[in-house]
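Hi,

Here is the structure I promised to send over. Have a look at it first, and my notes on what turned up are below.

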Amino acid sequence: MHEEQVIEKEKYILVAVASKRGENTAWESLEELQELLRTAGAEASSMVVQNLEHPERATYVGSGKVLELKEMLEQQGAVGIVCDDELTPSQMRNLSDRLDAKVLDRTLLILDIFASHAKTREGKIQVEIAQLRYRASRLRGIGEAMSRLGAGIGTRGPGETKLESDRRVIQNRIKLLSDEIESMKQVRATTRKKRSESPVPTVAIVGYTNAGKSTLINRLTESDVLSENMLFATLDPTTRTAILPDSQEVLMTDTVGFINKLPHHLVDAFRSTLEEAKYADIILHVVDASNPQSELQRKVANDTLEDLGVVGKPVITAWNKIDLVEEANFKDFEADRSVQISAKTGQGIDELFEALSEILSETRSYIDTVISYADSSKLALIRKYGQIIEEKYEGDGIHVKAYAPKSVKL
């Protein structure tokens, strides 16, 4: 038997400047960066935070810290550093020159993860556009630094070509891909229009990456969307049908996860995908209650939705992974409803269904009518898309009391 070859993971030193955000916040952000690095297939050999009023214009950290990092790289056998902020082209070039090692930033790391996780044609194009825009904005300083990347993180997607050498080639490629995305956008808009004409209400599941959105959609719709304990496990939106206990049918759409300091290149590229939430009837905001940064993550998701123009929608906040929390007393006073659940064990799912039913009943009309036996198909319509409270079969027809979407015409 042949022994399995163990591939040693690349090691990186994670670096952050505390500045105005404070040292504790910087360390917490590095913890998240460590998770991003793990998702990208590498590991952190150590983490470094420097307190400065603002990042150094030339090298992000101070010159003394650069020398310290050079020593640490040699001692720990690390291949490079990952900075927790987006570096300017000159910062990346200068650090690369002085450290003689790979230099990545948070944006490049996230782009790399997106490149390896995108599965659909649309997802791959969106990621490539974001990567190209990142390269185009730093052509002057990135050449030397990128040449040190070799293989591995930062080189997936279009990074494997030498597009960075020609701005015009990049712009032409972006234009070509943008045109393709535009045609896909039209298809999405048509699908969305058909959905809006249907009486079936839609629920957009949103939240911070790794909050458990995919696990929840699997639980609610009895489906098998990819669900893994890692950041950005799924990128492409998934729509599934769920049947509430009151027989109400709803469409559940999963969306790409948010993250603190999400690169604007990605927000722009994925705007058409993220806008699924804009056209939903209800926003189901999933928050990881077991994460110490759950409140920050909730705020990041809310701010991102606001930036996308997703406002004025009924919101249910589902505090997920409650089975991992000792004291569970979570509330979201900005939401219309707040429930505590475990998508993994099923705890609190009944309460979530109840919250969905309550909000849907608020968006439906109350019907008290008599349907003739010749028009009994209308009763089937109410039963499918609404909620029947009472039905009696009398001599003059079917006496019905029910709630139904306003789009259901009787």
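Let me start with helix α12, residues 349-362, which lies across β5, β6, β7, β8, β9 and β10 and runs at about 165 degrees to β10. Keep in mind while reading that this is a predicted model.

The strands under that helix belong to an open sheet of six, ordered β6-β7-β5-β8-β9-β10, and the pairing in it is mixed. At its edges you'll find β6 (238-243) and β10 (337-340); each has a single partner strand, so one side of each is left without a neighbour in the sheet. On average, neighbouring strands here are turned by 25 degrees against each other, direction ignored.

If you want to zoom in on one pair, try strand β8 (residues 282-288) and strand β9 (residues 315-320): they run parallel and are joined by six bridges. Which residue of β9 stands opposite histidine 285? That's threonine 317.

A second helix to look at on this sheet is α8 (residues 213-221). Helix α8 lies across β5 (202-207), β6, β7 (249-254) and β8, at about 160 degrees to β7. It also meets the helix I began with: α8 and α12 pack at an angle of about 80 degrees, and their axes are 12 Å apart. Since 65 to 115 degrees counts as roughly perpendicular, that makes α8 roughly perpendicular to α12. On the α8 side the contact is made by Leu216, Arg219 and Leu220, and on the α12 side by Ile349, Leu352 and Phe353. Sorted by class, this contact has five nonpolar residues, one charged and no polar ones.

Further along the chain there is another sheet, also open, with three strands in the order β11-β13-β12 and antiparallel pairing. Its edge strands are β11 (364-371) and β12 (387-394), each of which pairs on one side only. Neighbouring strands in this one are turned by 10 degrees against each other on average, again ignoring direction.

Within it, β12 pairs with strand β13 (residues 397-405) in the antiparallel sense, over seven bridges. What is the bridge partner of glutamate 390 in β13? Look for lysine 401. This sheet has a helix across it as well: α13 (residues 377-385) lies across β11, β12 and β13 and runs at about 155 degrees to β12.

Now for a helix pair elsewhere. Helix α4 (residues 106-117) packs with helix α5 (residues 121-136) at an angle of about 155 degrees, their axes being 9 Å apart. With over 145 degrees as the cut-off, that makes α4 roughly antiparallel to α5. The crossing of α4 past α5 is left-handed. From α4, the contact uses Thr107, Leu108, Leu111, Phe114 and Ala115; from α5, Val127, Ala130, Gln131 and Tyr134. By class, that comes to seven nonpolar and two polar residues, with no charged ones.

One last spot is alanine 40, in the loop between α1 (23-39) and β2 (43-50). Is this residue buried or exposed? Alanine 40 has a relative accessible area of 9%, and under 20% counts as buried, so alanine 40 is buried. Its C-alpha atom is separated by 9.6 Å from that of histidine 117, although the two residues are 77 apart along the chain.

Cheers

Notes
Residues are numbered from 1 along each chain as its sequence is written. This is a predicted model: local features need pLDDT of at least 70, side-chain atom pairs count only at pLDDT 80 or more; totals for chains, interfaces and linings use all residues. Side-chain values use heavy atoms; hydrogens and water are left out. Two strands pair if DSSP finds at least two bridges between them. Helices (H or I, at least four residues) and strands (E, at least two) are DSSP runs, numbered from the N terminus. Axes are lines fitted to C-alpha atoms, for helices over the stretch in contact, and angles run from 0 to 180 degrees between N-to-C directions. Contact means heavy atoms within 4.5 Å. Angles under 35 degrees count as roughly parallel, over 145 as roughly antiparallel, 65 to 115 as roughly perpendicular and the rest as oblique. A crossing is left-handed if the near helix is turned anticlockwise from the far one by less than a right angle, and right-handed if clockwise. Ala, Val, Leu, Ile, Met, Phe, Trp, Tyr, Cys and Pro count as nonpolar, Asp, Glu, Lys and Arg as charged, and the others, Gly among them, as polar. Buried means under 20% relative accessible area, exposed over 50%, partly exposed in between (1.4 Å probe, protein chains only).
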